[in-house]
Amino acid sequence: MGVSTVSAAIHITPVVIQTFFRHGKRRAQKFKDSVEEEEALDDIFFDEAFHIVKAFIELGVRNTIESLQSFTNTHVPAPYWAAVAPVRIPLSLCNDAADVLIKWFGPQELKHVVGGERWWQVRGMDGIDCEWITENEYLLDDLHVENSKQLSKTDATILRMEHLETVMLYVHGGGFSWGSINTHRYQIIRYARKIRGRAFAVNYRKAPQYPFPCPLHDVISAYLYLIRPPMGARHRSIQPSKIVLAGDSAGGNLCLTALTVLRDMGMPLPAGAILISPWVDLTHSFPSIMHNSKTDIIPLHGFLARPSTLWPIDPVPPLGGRVCATESNPPPKPGHADTLHPSAYRVQEDASTDTTETVQRQEEMLQQSPKHASHSESRASGKSKALDTDMGDCDIDLWEPKPPKVLMKDPDAVPLELRSQIQQYATTEQLTHPLVSPIVQGSLGNLPPLYIIAGDGEVLRDEIIHLAHRAAHPEDYRVRSGLLREGNRQKENATKFTTPTKVHLQVFDDMCHVLTVFSFTQSAKYAYRSIAEFVKHATNDDPGLEPFPELQRPPSRASVDSEALGEHMAKRSPFTIFSRKTSPKAKNVLRQQSTGVKLYNQEVAAVANQIQNLEQENLSSSQSTTDGFFVMVRERVDIRGVTRDMEPREEMACLQINSSQIGLIKEAPTVRWHEGQKKWDIMFAHEARRVLKHRKRIERKIQDLLRSAREQGLLLVGETDSADHPQKRDASTERSTSMNPIDGTIRSDRRWGPLDLDDEHPPPSAIAKRRDTPESLALIKMAIYHSAPVTHLTVPRLKPLDAVKAAFDPHDDPMRPPRQSVSEQQVQTHIIPGVHGLRIWDAILR
């Protein structure tokens, strides 16, 4: 049936009823046992909403990924009180963003890690769908521009919101594979209202059709669109100091990775970023991924999917299973993995590349594992003995297995090896790349201020907390040396960007992943208000105003000695203020805050007065902001929106994890994923076999299409018009901009198409080079007949017979371009928009 409004209602209705009775039973038991402690699920509305969202996601993973994408990318009208102006970022800006990424990666990384520089620039649409969003009441009543009456409604709306200087660039979440502007529009409207500004939401391409780095490419394009508007754009150039990036889950990941790319390339950075439950470790190497499943909305076994032509890449499990013990050295195909045991040459090479750090790390591990002392000592000295392939005494921790090898709980066990791709966003080998899992960035320093939110009950909690501390204290939380050895930019960044990033971290009691979805709860209301306050302060023109309202003070007050300030406020104030030089006694400072805006502002003023009092007490003010002074705000927030102390770093398990354990695929989550995938393989075994047959039919159809297009006159750059002796295309040949206005156009700003990727190796799920899915067929048709790249010399004329066949195909239209992938192009609803599931859900939450 697929994911639809009807199927969602059928699936969720029993959940609503069961939750209602279960809630009453639980409350009665608590009353009977005289339990006075409150928890979030005591609220019947949150209890119901939590289980509804959880049930919907479970419905999604029981259907194909295309079905879930289609439902969540269905266009629904905005409410009457909102001003929404849809725009499309042109290909020219996408090309500029691509150039930034090409320079960031470099030729070697593009070839060996990304798979080429062309495939991720291929798209079906002529740009990226985005929306300007604000409140109607914020629009100007009159437009004082020439020919204002001739403007379209969209253009007029954009011009009427031009006076709103503050802009939030919002990047939606959804596991990199689903969700859209439409699923998040009401949340974005709420942000725009609270910041009294405007939001710009981007509908980036999604995996697995457009995997890494396609979404990141689109987010950078959106940022460039704001600060460098192309010809024809109605908005003026926006100062980076007036822009704040914001994103939830996968969107938080994309915001952070975009910031690091902009930083590395020396480009203007925005005023700050808001990361709501950011997914920053796709290897799942932190404990909460295993411990918090019952209290989160994320499915137990991850984002699985019913087999389709798109996903999984191998509908039928490969011979030997999707996860198996490594059998040889090196492992058999298709696992392009690390070796079972390191060779003598590798041991010596690793020891010589970064001797100081390696020795220090090995000494720490030596204390934990005395039985490996002899090997550790020889490796640290760089004088290892010749080792054969049977290295039973080699501690797997010491040589950091590369994906798809799995880090085993027992270091003496033969490592498991992944034979199937586990994440839809990136291949297993790419999961440790810093732009895929930013938790392993060489440095998170020198970034604009970050406001980071996590739920205490979510599976991503530990990685979020660790990320916040890595950014604020780069010298205390370093990335493992193996990752630094693998990337020149990683190694350079670790020493280049050492200035701490200002971070405000808040962990909300009893809350699950992306708590802002539950906008009716006190926790979410507090979060929305705190986000608004952060945006207002981060974009303030006063250079002396701190980005966090709790710390607002003029520049002269920012230089108060951090340790004395911390100790003083620990006695007098509930605010948490940390410095790199703050003593342990001063790290337990916090603040109590009401959910009311008035009390919020009163407490901010109280802190400013306290700092002023400290100055009057003649505390030292010699420390300057350029001399290393840094402030981190660390708080926990209860279900009433009241903040309290966050325990010292020494007492937080997720901050005590050895760096050698972070960013490695581990045994427990791998086994759990495999158990779930095995259930899916059994449940959908018959369907998986049908998918393989369907793929072969599409392959034949695409072969016929390409043969027919050649007969109709399709020519590529570097080819002759001789069908018998076509020349091999030279990619360096000057690109043509000729046009055929009858059948279609050759776009001078469309660099590449799906026929230009012979020498590239994109991820196997990418439809840019696939020839066995309906979406890849639509992409090829678009490139040949409607919107050709400049690598095409001609746009062939469709034969009358082909047009007749297309007229009888419900999925084709000879008069219009084919619809592109639902991961890219929005779907128009065939029912009344007001009763679409997305609209109903938003109405329930309001």
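The chain holds 24 helices and 16 strands. This is a predicted model. Of its 846 residues, 60% count as buried. The accessible surface comes to about 35000 Å². Carbon and sulfur atoms own 53% of that surface. Many contacts link distant parts of the sequence: among contacts with a separation of 6 or more, 79% join residues 24 or more positions apart.

**The sheet**

Ten strands build an open sheet. Their order is 2-3-5-4-6-7-10-11-12-13, and the pairing is mixed. Strand 2 (82–89) and strand 13 (643–645) are the edges, where each pairs on one side only. From one strand to the next, the twist averages 25°.

Look inside the sheet at strands 4 and 5. Strand 4 covers residues 167–171, and strand 5 covers residues 198–202. They pair in the parallel sense, over five bridges. One bridge joins Val 171 to Val 202 of strand 5.

Helix 8 (residues 250–264) lies across four strands of the chain, listed here with the helix itself.

| Element | Residues |
|---|---|
| Helix 8 | 250–264 |
| Strand 6 | 243–248 |
| Strand 7 | 272–276 |
| Strand 10 | 450–455 |

Strand 4 is also among the strands that helix 8 crosses. The helix runs at about 140° to strand 6.

**One buried leucine**

Now take a single residue, Leu 216. It is found in helix 7, which spans residues 214–227. Is Leu 216 buried or exposed? Leu 216 is buried, because its relative accessible area is 0%, and the cut-off for buried is under 20%.

Which residues does Leu 216 touch, leaving aside its neighbours within four places in sequence? The contacts are Leu 101, Leu 254, Thr 257, Ala 258, Val 261, Tyr 425 and Leu 435. Leu 256 offers a distance to check in the model. Leu 216 and Leu 256 are 40 residues apart in sequence. In space, their C-alpha atoms are 10.0 Å apart.

**The cores**

In soluble globular proteins, nonpolar side chains tend to be buried together. Here, the largest nonpolar core has 182 residues. Trp 132, Met 168, Phe 200, Ile 274 and Tyr 425 have the most contacts inside this core. Tyr 425 also appears in the contact list of Leu 216. Which helix gives the most to the core? Helix 4 (residues 91–114) does, with eleven residues.

Another core lies apart from the largest one. This other core has eleven residues, including Leu 716, Leu 777, Ile 780 and Tyr 785.

How values were computed: Residues are numbered from 1 along each chain as its sequence is written. This is a predicted model: local features need pLDDT of at least 70, side-chain atom pairs count only at pLDDT 80 or more; totals for chains, interfaces and linings use all residues. Side-chain values use heavy atoms; hydrogens and water are left out. Two strands pair if DSSP finds at least two bridges between them. Helices (H or I, at least four residues) and strands (E, at least two) are DSSP runs, numbered from the N terminus. Axes are lines fitted to C-alpha atoms, for helices over the stretch in contact, and angles run from 0 to 180 degrees between N-to-C directions. Contact means heavy atoms within 4.5 Å. Buried means under 20% relative accessible area, exposed over 50%, partly exposed in between (1.4 Å probe, protein chains only). A nonpolar core is a set of buried Ala, Val, Leu, Ile, Met, Phe, Trp, Tyr and Cys residues joined through side-chain atoms within 4.5 Å. Accessible areas come from the Shrake-Rupley method with a 1.4 Å probe; for residues, only the protein chains shown count as cover.
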